[in-house]
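Reader: I would like a close look at one part of this model, the unusual points of its backbone, and then an account of how they sit within the chain as a whole. Please take them one after another and give the cut-offs as you go.

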Amino acid sequence: MPSPRVDTNDPALRVIAITNVIVSWMGLSMAHVHANDRPDQILFRRQAVQRMVFDQDQAIRLASFSPAKVVALDLMHPDLVPMEHRANSLIQSDKLVIAAPGNHASRSVRWVGGFNVFATYDVEIGELLGSGTVGIQFRDSDSNDSLTADVLFQDGMAHGIRWRTTVDGVKNAEYSWPLAEDPTTNESFILRVQMVAVGANVFLESRGRSSLIGYVDLPEQVELRDKRRMARYQFAMAASLEPKARATISGATAAITPGTGQADIRAMTDEFGNPLLDDSRLWFTVTTRGRALPHPAQGVFSLNPSVFDLRFEGLIVFDAGDGLLRNELASHLFRDSQTGQWRGWTTGFSALGNQKRGDSKAILAVWSDRDPRRGFSIMRSRAIGIEGAHEDPHCVYDADAQKWRLLLCERAGKYQAAMWESDEWDRGYARLAGPVEVDSTGTLIQTFGDQRYVLFGSADRRVYIRNYPDLTAAGELRIELPPWNDQHGTRIWPNVIPLPDGYPAPYIALMMDRANFPGMPTRNWTYGALYLYHGTVSDEE
């Protein structure tokens, strides 16, 4: 690929030129350090493990209700119930107390913030007196549509959770789940709704532990991925109280979170496949898990590779121009050194979210002028033209061949690694090699010294190494304490990254396990924990 001409008087192009120099220096530095290494010579030893389960210190805040900091309650957080049916509310001892008068039942729907169908919503509930419900409501400000998750209580004791979906003012669906014990004995607890694009998971958190209570999928007519509909919805604290009943709320939040498990880890790179080491941190796309395949989303994480300080940085959704914000995943993103644009490839899992739309799962090209690594980001997307329900794209520009080389897991009964190539990054691909004969997942093209190799996980308890680009056999990755055992699956992503001189090890690998979150329905994809490995070249042949 020819180097761009740079107008040094243009500040934006000057930044790109500096970035090119830094990336080139990093590539030369790593090539020098690892000049003669082969991936089958490297032994990876486990260093640390972490699973994020709605970690509060990782949550990216969208909206909140903090009673101790509220001045003018009805101005900041108005009650949306008509005055004649409205419960009494006041802030007392840094808590919101909602109470029904002694002579009639009453309600409260107090606005907290806007709505995002990929966010997690918490209401912290304290003392309950009498009988009624208290919880979370999402309501369409232009219609009578609403989604409600309630804690049911009687005589001050919580005994169940209820979900209601209301369309055009008429109940569309209702689900109830009994509670094995009253969580109010622990003084306060959190009712949590994790919205997952086309459904919701309902949790209770008590004493720091989140327990799944129930889950629902939304009807087709409540398509909350629709940008216009999502913009109309509101997040509120809701209560419906019998006479003399009272509910106490300590706070509420809406946030982007890392979910209950993380998977599909892949480093962000430049177009040549060099990992981005920016601000002394590596940057990764990582799937944040929801439940089954229509429910996860594309998270972004970062890591200082000298330690294990994983940081949840943001969430990316995708706009195909059809009015929906889509939760694709298993992405490879790169920063183009010539244009500064963020580009890449993803897997169209959102097609599984609403079967009546007739969408098909496909490999998609994605792009954005805005840096998508932090906060809530939207990237454009379109199909690259490879037919089939394939997964896990990873692509590099091969300057010697002057081709884009795309490695993916082809769906052919099972998933098998195959290499495709094109003159363009976003279209025109033709198969070059494969598919291989073995089950494959988490495909990766990585450079060791001055030689590229292909790595991928598999169902047969191996991480395979293949030669690039013909995919002929080149060994297996050696892992001490791998992220699987006899009870858990082995289809993990290798995600091996060479590092420049000065780090504790010349290579790291950030992998995941496949341990699903407890209580989810069978056939779910809610794994896993994240494992850090250090890789060093072994003397063994």
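Author: Gly-528 is found in the loop between β36 (507–512) and β37 (530–537), where strands (E, at least two residues) and helices (H or I, at least four) are DSSP runs numbered from the N terminus. The peptide bond that leads into Gly-528 from Tyr-527 is cis, with omega near 5°. This is a predicted model, in which local features need pLDDT of at least 70 and side-chain atom pairs count only at pLDDT 80 or more, while totals for chains, interfaces and linings use all residues. Residues are numbered from 1 along each chain as its sequence is written, and side-chain values use heavy atoms, with hydrogens and water left out.

A cis peptide bond also joins Tyr-468 and Pro-469, with omega about 0°, and Pro-469 has its place in the loop between β32 (463–467) and β33 (473–476). Most peptide bonds are trans, and most residues other than glycine have a negative phi.

Phi is positive at Asp-155, near 50°, although this residue is not glycine. Asp-155 lies in the loop between β8 (146–154) and β9 (157–167), and its relative accessibility is 64%, so it counts as exposed (exposed means over 50% relative accessible area, buried under 20%, partly exposed in between, with a 1.4 Å probe and protein chains only). Lys-244, also a residue other than glycine, has a positive phi near 70°; it is placed in the loop between β14 (233–241) and β15 (246–256), and Lys-244 is exposed, with a relative accessible area of 65%.

As for the setting of these loops, the chain has 37 strands and 3 helices. Its radius of gyration, taken over C-alpha atoms, is 25 Å, close to the 24 Å of the globule rule for 541 residues, so the chain is as compact as a globular protein of that length; the rule is 2.2 Å times the number of residues to the power 0.38. The C-alpha trace spans about 80 × 55 × 45 Å along its principal axes, and buried residues make up 59% of the 541 residues. Of the contacts (heavy atoms within 4.5 Å) with a separation of 6 or more, 61% come from residues 24 or more positions apart.

The structure holds 0 disulfides, a disulfide being a pair of cysteine sulfur atoms within 2.5 Å. Cys-395 is in no disulfide, and the nearest cysteine sulfur, that of Cys-409, is 14 Å away. Cys-395 counts as buried at 1% relative accessibility, and Cys-409 counts as buried at 0%.
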